[in-house]
Amino acid sequence: MLAAVVWVIPWCREVVALEENPDAMVPSMVYMLYHSRRLWLSGVWGTLSVSVLGTVAGFVLAVGLVFLRINAPGRRDSRPL
């Protein structure tokens, strides 16, 4: 494992130092990830914020629906919910 890390880090530095995007798939991915890191991080931030917002909205909606189901009107209570 350590040998792989020792080999990968200098290789990534070589790929990042290239003038233009390489043709091979993995070096191209490393090159684009490094040179577009701000765009990538903004995408990660947007994805996480939307997922947290959706989770919170779903939780609030679920809790509201649970209370509506628990508070079913009885025979003496004729008020609609």
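This passage describes the fold, the surface and the helix packing of a predicted model. Residues are numbered from 1 along each chain as its sequence is written, and side-chain values use heavy atoms, without hydrogens and water. Local features need pLDDT of at least 70 and side-chain atom pairs count only at pLDDT 80 or more, while totals for chains, interfaces and linings use all residues.

The protein chain holds three helices and zero strands, in the order α-α-α along the sequence. Helices here are DSSP runs of H or I with at least four residues, strands are runs of E with at least two, and both are numbered from the N terminus.

Of the 81 residues, 9% count as buried, that is, under 20% relative accessible area (exposed is over 50%, partly exposed in between; 1.4 Å probe, protein chains only). Helix H2 (residues 25-35) has Pro 27, Ser 28, Val 30 and Tyr 31 buried. These residues lie on the same side of H2, because they cover an arc of only 160° around the axis, the arc being taken from the directions from the helix axis to the C-beta atoms. The buried residues of H2 pack against helix H1 (2-16), with contact meaning heavy atoms within 4.5 Å.

Turning to the surface, the protein chain exposes about 7500 Å², and carbon and sulfur atoms supply 70% of this area (Shrake-Rupley method, 1.4 Å probe; for residues, only the protein chains shown count as cover). Helix H3 (residues 37-70) includes Val 63, which counts as partly exposed because its relative accessibility is 32%.
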